[in-house]
Amino acid sequence: MTSPQHPAVELTAITKSFPGRAGTVRAVRGIDLTIATGEVVALLGPNGAGKTTTLDLLLGLTTPTSGEVRVLGGSPREAVRAGRIAAVLQTGGLLRDLTVRETVELVASTYAVHVPVEDVLRRASLTAIAGRRVSLCSGGEQQRLRFALALLPDPELLVLDEPTAGMDVAARRAFWDAMHAEAAQGRTVVFATHYLEEADDFASRIVLVAGGRVVADGPADVIRSTALGRTVAARLAPEVVGPAATELRALAVVHDVRVDGDRLTVTTADSDAVARILLTTLDARDVEITTGSLESAFLTLTGSTPSTGSTTPATEGAAA
Ligand SMILES: Nc1ncnc2c1ncn2[C@@H]1O[C@H](COP(=O)(O)OP(=O)(O)OP(=O)(O)O)[C@@H](O)[C@H]1O
């Protein structure tokens, strides 16, 4: 299924601008991104971060203003034409009067070669509702139908734009269960999401996008520690707490020290060093090291919240 000699995705110095009433909207402002075959990558970012534009570039639905997009070693259009890349987009053409199976059969008839219809229905957990009219399907079921359609050409790369938007928790879980099975087959999956938990739970790598740029890229725990460092908490003898807080605040690797009774909580870039001091020179008890939440990391890195974020792309050429 794979072309190991090429990365699945190579974006080099990509920019994309759109003309807008208030001037040029710079939706993507210089993204370099390489995604290896078999990776499951979340593009996580607030509204207007440039996620959809980036996915559109991968799918050849739009071309970059500058820079180069390579997909599976060729152009996006070549990959789409060969059925090597497929997408589940937020909206898009389902015929309401057809049943689920009829929809899959219709789209299958447009491919010279495709995966058997019953196979994709099963993989998208649609077999039980294959006879249901599309107009009677829930939003989650319609997304699973779009997913089934994306599986028909047996793509190497699946691109999903907020595939679970509007789904309840159970529907979201069912959707990702189906996606997990596809990823386990070695398919590369790139998806955009506002949901931190979704990125954290499902992706092996998170690319945090804000204002048309990549602001962090790595496993969720790396992103957390980049943004926040870690927290070391411990209990100390009451007479030691005050001087210990002063001593720790003086260290360059310490961001913050909070005192609550005999408990000290230290936010630091070097939790090992702080734990060592607490244990060896301050005789601390109950030492705990934790990483911050991804939610806080997101706030620190992008300056906005993931689901209600208001990071706006820069405009230029407008009278300020
Ligand atoms: N065709 C277009 N014409 C003008 N501006 C556009 C166009 N497409 C996108 N934009 C603008 O570019 C910016 C980035 O949009 P994009 O849809 O890529 O962000 P996003 O991260 O996917 O946001 P959301 O999470 O809200 O879908 C936004 O300010 C958007 O309004």
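Start by selecting Ser125 in this predicted model: Ser125 sits in the loop that links helix H4 (117-123) to helix H5 (139-151). Ser125 is not a glycine, yet its phi is positive, at about 55 degrees. Colour by burial and Ser125 comes out as partly exposed, because it has 17 C-beta neighbours inside 10 Å.

Next, select Glu162, another loop residue, placed between strand E6 (157-161) and helix H6 (169-184). Glu162 also has a positive phi without being a glycine, here about 45 degrees. Is Glu162 buried or exposed? Glu162 is buried, because 20 other C-beta atoms lie within 10 Å and 20 or more is the cut-off for that class.

**Whole protein**

Zoom out to the full chain. The protein contains eleven helices and 14 strands. Of its 320 residues, 39% count as buried. If you draw the contact map and keep separations of 6 or more, 71% of those contacts join residues 24 or more positions apart.

Now colour by domain. Domain 1 is made of two segments, 9-84 and 155-224, while domain 2 covers 230-291. Put a marker at the C-alpha centre of domain 1 and another at that of domain 2, and the distance between them is 40 Å.

**Ligand shell**

Select the ligand and expand to its surroundings. How many residues surround the ligand? There are 14, and the closest are Phe18, Ala27, Lys51, Thr52 and Thr53. Strand E1 (9-20), strand E2 (23-35) and helix H1 (51-58) are the elements that each give two or more residues to this shell. H1 contributes the most, with three residues. Colour the shell by residue class: eight residues are polar, five are nonpolar and one is charged.

From H1, step back to Asn47, in the loop between strand E3 (40-44) and H1. Asn47 counts as partly exposed because it has 14 C-beta neighbours inside 10 Å. Add Gly211 to the selection: Asn47 and Gly211 are 164 residues apart in sequence, but their C-alpha atoms are 9.4 Å apart in space.

**Nonpolar cores**

Hide the ligand and show the buried nonpolar side chains. The largest nonpolar core holds 67 residues. Those with the most contacts inside this core are Ala42, Leu58, Ala148, Val159, Val190, Ile206 and Leu208.

Pick Val159 from that list. Which residues is Val159 in contact with, leaving aside neighbours within four places in sequence? They are Leu55, Leu58, Leu59, Ile85, Ala87 and Val190. Leu58 and Val190 are also on the list of residues with the most contacts inside the largest core.

A separate second core has twelve residues, including Leu236, Ala244, Leu264 and Val266.

Continue to Thr267, which lies in strand E12 (residues 263-268). Thr267 is partly exposed because it has 17 other C-beta atoms within 10 Å. Draw a distance from the C-alpha of Thr267 to that of Ser204: the two residues are 63 positions apart in sequence and 26 Å apart in space.

**A loop residue at the surface**

Select Leu95, in the loop between strand E5 (85-88) and helix H3 (100-108). Is Leu95 buried or exposed? Leu95 is exposed, because 12 other C-beta atoms lie within 10 Å and a residue with 12 or fewer falls in that class. Leu95 touches Thr103 and Val134, not counting residues up to four places away in sequence. For a distance check, use Ser135: the C-alpha atoms of Leu95 and Ser135 are separated by 8.1 Å, and the two residues are 40 apart along the chain.

**Confidence**

Finish by colouring the protein by pLDDT. The average is 86, and 88% of the residues score at least 70. Which elements have the lowest and highest mean pLDDT? Strand E14 (residues 315-316) has the lowest, at 40, and strand E4 (residues 66-71) the highest, at 97. Select residues 307-320 last: their pLDDT is below 50, and the stretch has 38 contacts in the model beyond near neighbours in sequence. Where pLDDT is low, predicted coordinates should not be read in detail. For the complex, the predictor gives an ipTM of 0.96 and a pTM of 0.76.

Technical notes. Residues are numbered from 1 along each chain as its sequence is written. This is a predicted model: local features need pLDDT of at least 70, side-chain atom pairs count only at pLDDT 80 or more; totals for chains, interfaces and linings use all residues. A residue is near a molecule or strand if its C-beta atom, placed from the backbone, lies within 6 Å of it. Helices (H or I, at least four residues) and strands (E, at least two) are DSSP runs, numbered from the N terminus. Ala, Val, Leu, Ile, Met, Phe, Trp, Tyr, Cys and Pro count as nonpolar, Asp, Glu, Lys and Arg as charged, and the others, Gly among them, as polar. Domain bounds come from an automatic or database domain assignment. A nonpolar core is a set of buried Ala, Val, Leu, Ile, Met, Phe, Trp, Tyr and Cys residues joined through C-beta atoms within 7 Å. Two residues are in contact if their C-beta atoms, placed from the backbone, lie within 7 Å. pLDDT is the predictor's confidence in each residue, from 0 to 100.
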